[in-house]
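Trainee: I would like a close look at a single part of this model. Please take one sheet and the helix that goes with it, then set that part in its surroundings.

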Amino acid sequence: MKDFLFVSWDFSGRGGVKAALAMLRRCDLRHVARQRLDIPLDDDPDLTEEERGNPSPNVPWTTGCDGHVRLTTDDPRLARLLAELERLGIEPFTRVDRVYSKKDLEAPWLRIVGGSMMVGTGNVPGQKWDFSKACRECGAGAIPIAPLAVQGLDRMPKSGWCVTLGGFIVLEARLAAKLADAELTGFSVEPVRKHTSETAHDRYRWLRIPCKWPEPVERPGCRLHGRCEVCRRPQFIAGRDGLFSLHFERPPRDARDFNAWQGSVLPGKRAALATNRPTGDYPELVISQRAYSTLKEAKLRSLRCEPVFFD
Ligand SMILES: [Zn+2]
């Protein structure tokens with residue numbers, strides 16, 4: 001596991017590219033950081049040809065003076081850079097990226113953090129829901145009634161699968177069959193449809209995963225905020241310093257290969273759905289190492305997972 005800090009800055013009105021490059025030289029980052037150089041050629045006579053870059057002919061007086069760098073958090077140049085930016089009165093944007101090693105990803109349980117997230121589903125027009133076990137306030141626990149209505153099914157990624165914006169896995173029928181053949185547990189294969197059509201799509205399926213995994217526990221990388229007044233589910237999970245990790249007491253006894261946990265709906269989202277009944281927040285998907293290996297073997301490109309942690 002390695003932590004990186006992504007730092008970006010903008011020198012517009014603060015000396016421009018020349019000042020940015022001078023700062024990078026002082027921090028020994030000139031050839032590490034990316035700095036936009038598309039400035040007017042006659043603006044900075046001290047710049048070398050290489051540093052001038054290629055000014056865009058369409059933007060003769062661009063103010064593009066932004067740049068960025070990504071360094072491991074223990075890199076001594078990082079402190080120098082942040083001190084320089086502060087001295088120059090430039091407030092950088094920072095973000096911590098945690099990168100897990102292959103060894104980390106051999107953990108028994110992982111959460112899916114990325115697939116190609118592109119198509120919309122969930123509260124799309126025409127989706128029918130089973131609210132019989134849902135919280136009356138936030139809607140958590142509502143279950144879409146198959147077929148799952150999906151927006152943008154024509155734009156599915158080439159890899160043949162995605163996690164939709166609503167947190168549901170949609171994949172090609174052949175991939176769903178591979179998971180079933182591997183005798184993985186915790187899902188049923190359900191039909192999907194274009195949200196504009198009533199008939200089930202012949203190529204894609206919905207991997208329906210019931211939300212039975214217990215609630216996360218609070219840890220520095222996992223803070224639960226804003227519980228629903230009725231069902232007490234948290235509305236939001238956040239980490240410290242932009243770092244987020246999912247912590248649980250222990251895996252449940254009846255854990256399957258595919259599991260999901262659902263929180264209460266975010267207040268902003270609830271407002272956005274004012275005309276529809278809320279249906280809870282997007283589920284967190286927790287999978288076993290066996291499921292992870294099978295998904296990797298099936299070459300689900302863009303699959304990104306992180307370990308989940310237990311006490
Ligand atoms: Zn609730």
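Mentor: What follows starts with one sheet and works outward to the rest of the chain.

The model is predicted. It has 6 helices and 20 strands. Of the 311 residues in the protein, 34% are buried. Take the contacts between residues at least 6 apart in sequence: 71% of them join residues at least 24 apart.

Now the sheet. It is open, has 4 strands and runs in the order E17-E18-E5-E19. The pairing is antiparallel. E17 and E19 (304–307) are the edge strands, and each pairs on one side only. From one strand to the next, the twist averages 35°. Helix H6, residues 289–297, packs on this sheet. H6 touches E5, E17, E18 and E19. The direction of H6 makes about 90° with that of E18.

Go strand by strand. E17 covers residues 258–261. Both of its faces are covered. Phe-258 and Ala-260 are buried on one side, Asn-259 and Trp-261 on the other. The general rule fits here: in a regular strand, side chains alternate between the two faces of the sheet. E17 pairs with E18, residues 284–288, over 4 bridges in the antiparallel sense. One register point is useful: Trp-261 has Glu-284 of E18 as its bridge partner.

E18 also pairs with E5, residues 109–114. That pairing is antiparallel too, over 3 bridges. Here Leu-110 stands opposite Ile-287 of E18.

Which residues touch the most other members of the largest nonpolar core? Ile-287 is one of them, together with Val-170 and Leu-171. That core has 44 residues. Leaving aside neighbours within four places in sequence, Ile-287 is in contact with Leu-110, Ile-112, Asp-257, Phe-258 and Tyr-292. Phe-258 belongs to E17, and Leu-110 is the residue opposite Ile-287.

Apart from that core lies another, of 15 residues. Val-7, Val-17, Leu-21 and Leu-24 are among them. Follow those names to helix H1, residues 16–26. Its buried residues are Val-17, Ala-20, Leu-21, Met-23 and Leu-24. They sit on the same side of H1, because they cover an arc of only 160° around the axis. Arg-25 and Arg-26 are exposed on the other side of H1. Asp-28 follows the helix with a positive phi, near 60°.

Val-7 leads to a second sheet, through strand E1, residues 2–10. This sheet is open and has 4 strands in the order E2-E3-E1-E4, with antiparallel pairing. E2 (34–35) and E4 (93–99) stand at its edges; each has a single partner strand, so one side of each is left without a neighbour in the sheet. E1 joins E3, residues 66–72, through 7 bridges, and the two run antiparallel. Leu-5 has Leu-71 of E3 as its bridge partner.

Helix H3 follows in sequence, at residues 76–87. H3 has 12 residues and reaches 17 Å from its first C-alpha to its last. That is close to the 16 Å expected at 1.5 Å a residue. Just after H3, Gly-89 takes a positive phi of about 75°.

Two more buried strand residues are worth a look. Arg-193 lies in E12, residues 188–194. Why does Arg-193 count as buried? It has 20 other C-beta atoms within 10 Å, and the cut-off for buried is 20 or more. Not counting residues up to four places away in sequence, Arg-193 touches Pro-147, Ala-149, Glu-198, Thr-199, Ala-200 and His-201. Ala-149 is 44 residues away along the chain, yet the two C-alpha atoms are separated by 5.1 Å.

Ile-237 is the other case, in E15, residues 236–238. It counts as buried because 21 C-beta neighbours lie inside 10 Å. With residues up to four places away left out, Ile-237 touches Pro-216, Cys-222, Arg-223, Leu-224, Phe-244 and Gly-263. Gly-221 is 16 residues from Ile-237 along the chain, and their C-alpha atoms are separated by 9.1 Å.

Back to the part you asked about. Keep three points in view: the order E17-E18-E5-E19, H6 packed on that sheet, and Ile-287 of E18 opposite Leu-110.

Note on methods. Residues are numbered from 1 along each chain as its sequence is written. This is a predicted model: local features need pLDDT of at least 70, side-chain atom pairs count only at pLDDT 80 or more; totals for chains, interfaces and linings use all residues. The expected span of a helix is 1.5 Å times one less than its number of residues. A residue is buried if 20 or more other C-beta atoms lie within 10 Å of its own, exposed if 12 or fewer, and partly exposed in between; C-beta atoms are placed from the backbone. Two residues are in contact if their C-beta atoms, placed from the backbone, lie within 7 Å. Two strands pair if DSSP finds at least two bridges between them. A nonpolar core is a set of buried Ala, Val, Leu, Ile, Met, Phe, Trp, Tyr and Cys residues joined through C-beta atoms within 7 Å. The arc is that of the directions from the helix axis to the C-beta atoms. Axes are lines fitted to C-alpha atoms, for helices over the stretch in contact, and angles run from 0 to 180 degrees between N-to-C directions.
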